[in-house]
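Grab a coffee and work through a few short exercises on the fold below. Try each task yourself before you read its solution.

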Amino acid sequence: MERNITTLGIVLHSRRWGQTNRRLKLLSVDLGIVDVVSYGAQKSLKAVKAEVFCDGQFFLYHNPVKGDYTLKDLKAIAGHEEIREDLALNYTGLFFCEILIKVHGGENAAEYRLLSKALDLLTTAPERRVLVLIQFIHRLSEVLGIRVDLDRCPVCDRAYERDEIVYFSSSAGSQCCQQCANLERTLILPPGARRYLSLTATMDFEEAVAVDLNPGALERIKAYMLGYAQYFCPSQLTTLSSGLL
Ligand SMILES: [Zn+2]
């Protein structure tokens, strides 16, 4: 394997490592999610600054004996500093990072593009934060290959009525009609929310985030999507319990 690797990536997580170093989790197009040590990042002004949400070209060194990666340099495309300065935006960004760490399925380039766009939108359209959150989960379900069409039940193949409420089947792992459902009390999708998700499924991220929802619908769809995200995530999402999303 090449010792020097250059890859597009985004820092998902950063923690202290020893006295002066940091250990990063990097979502990279070429390597997937890898741990990278940034030496001297804690104190030295000269050290490469790779903070959480930083999107850029990462220059790594791979030690084939130890099997680890070291950060040599970084050419930032977007630092997304604005996200860290606002509590709700920060938690939303951290939620994106946490869920990607937990559900990462090897679709490196698609996951990178999704997160990169989501962080850009949080930066450029912070007032549309909740819509970015909803659309991130909606799009992630497609990247993970678990999204189903919301116009018919995937279990019995019956088309939904216009005003039909859609339920959830944990055995199918998807939305379905009431007859096929086994999770009737959770993950209930009202018709308006279903039409919104259906309508925005084929739009690009930016376009979908520009679609307005009234405040009530926005909160209902957000609650549904957060429940859905927790459903497809294999372990408890700690950023969800903050109550700040
Ligand atoms: Zn059905």
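The exercises below deal with a predicted model, and each one comes with a worked solution.

**Exercise 1. Follow the strand pairing**

Task: Find which residue in E4 is the bridge partner of Thr7, then find the bridge partner of that residue in E5.

Solution:
- Start with strand E1, residues 4-17, which runs antiparallel to strand E4, residues 55-63, with seven bridges between them.
- Within that pairing, Thr7 sits across from Phe58 of E4.
- Now move on: E4 also pairs with strand E5, residues 68-78, again antiparallel, over nine bridges.
- Here Phe58 has Leu74 of E5 as its bridge partner.
- Last, check the turn. The hairpin of E4 and E5 has four residues between the strands, and Gly67 takes a positive phi near 75 degrees there.

**Exercise 2. Sort out a salt bridge**

Task: Which residue forms a salt bridge with Asp35, and is Asp35 buried, partly exposed or exposed?

Solution:
- Look for the closest N and O atoms: those of Asp35 and Lys25 are 2.8 Å apart, and the two form a salt bridge.
- Place the partners next. Asp35 belongs to strand E3 (residues 32-38) and Lys25 to strand E2 (residues 21-28), so the contact ties together parts ten residues apart in sequence.
- For exposure, the partly exposed class runs from 20% to 50% relative accessible area. Asp35 comes out at 26%, so it is partly exposed. Lys25, also at 26%, is partly exposed as well.

**Exercise 3. Bridge a long stretch of sequence**

Task: How many residues apart in sequence are the parts that Asp212 and Arg128 tie together?

Solution:
- The side chains of Asp212 and Arg128 meet in a salt bridge, 2.6 Å from N to O.
- Asp212 is in the loop between helix H6 (205-209) and helix H7 (215-232), while Arg128 is in the loop between helix H3 (108-124) and helix H4 (129-143), so the parts tied together are 84 residues apart in sequence.
- Asp212 is exposed, because its relative accessible area is 61% and the cut-off is over 50%.

**Exercise 4. Spot the charged patch**

Task: Which residues gather in a patch of negative charge on the surface, and where does Glu85 lie?

Solution:
- The patch is made up of Glu81, Glu82, Glu85 and Asp86.
- Glu85 falls in the loop between helix H1 (81-84) and helix H2 (87-103). At 68% relative accessibility, Glu85 counts as exposed.
- Arg84 is placed in helix H1, and this residue is partly exposed at 28%.

Methods. Residues are numbered from 1 along each chain as its sequence is written. This is a predicted model: local features need pLDDT of at least 70, side-chain atom pairs count only at pLDDT 80 or more; totals for chains, interfaces and linings use all residues. Side-chain values use heavy atoms; hydrogens and water are left out. Patches are made of residues with over 30% relative accessible area and no salt bridge: like charges are joined within 9 Å, nonpolar side chains (Val, Leu, Ile, Met, Phe, Trp, Tyr) within 5 Å. Accessible areas come from the Shrake-Rupley method with a 1.4 Å probe; for residues, only the protein chains shown count as cover. A salt bridge is a side-chain nitrogen of Lys or Arg within 4 Å of a carboxyl oxygen of Asp or Glu. Lys and Arg count as positive and Asp and Glu as negative; His and the chain ends are not counted. The place of a charge is taken as NZ of Lys, CZ of Arg, CG of Asp or CD of Glu. Helices (H or I, at least four residues) and strands (E, at least two) are DSSP runs, numbered from the N terminus. Buried means under 20% relative accessible area, exposed over 50%, partly exposed in between (1.4 Å probe, protein chains only). Two strands pair if DSSP finds at least two bridges between them.
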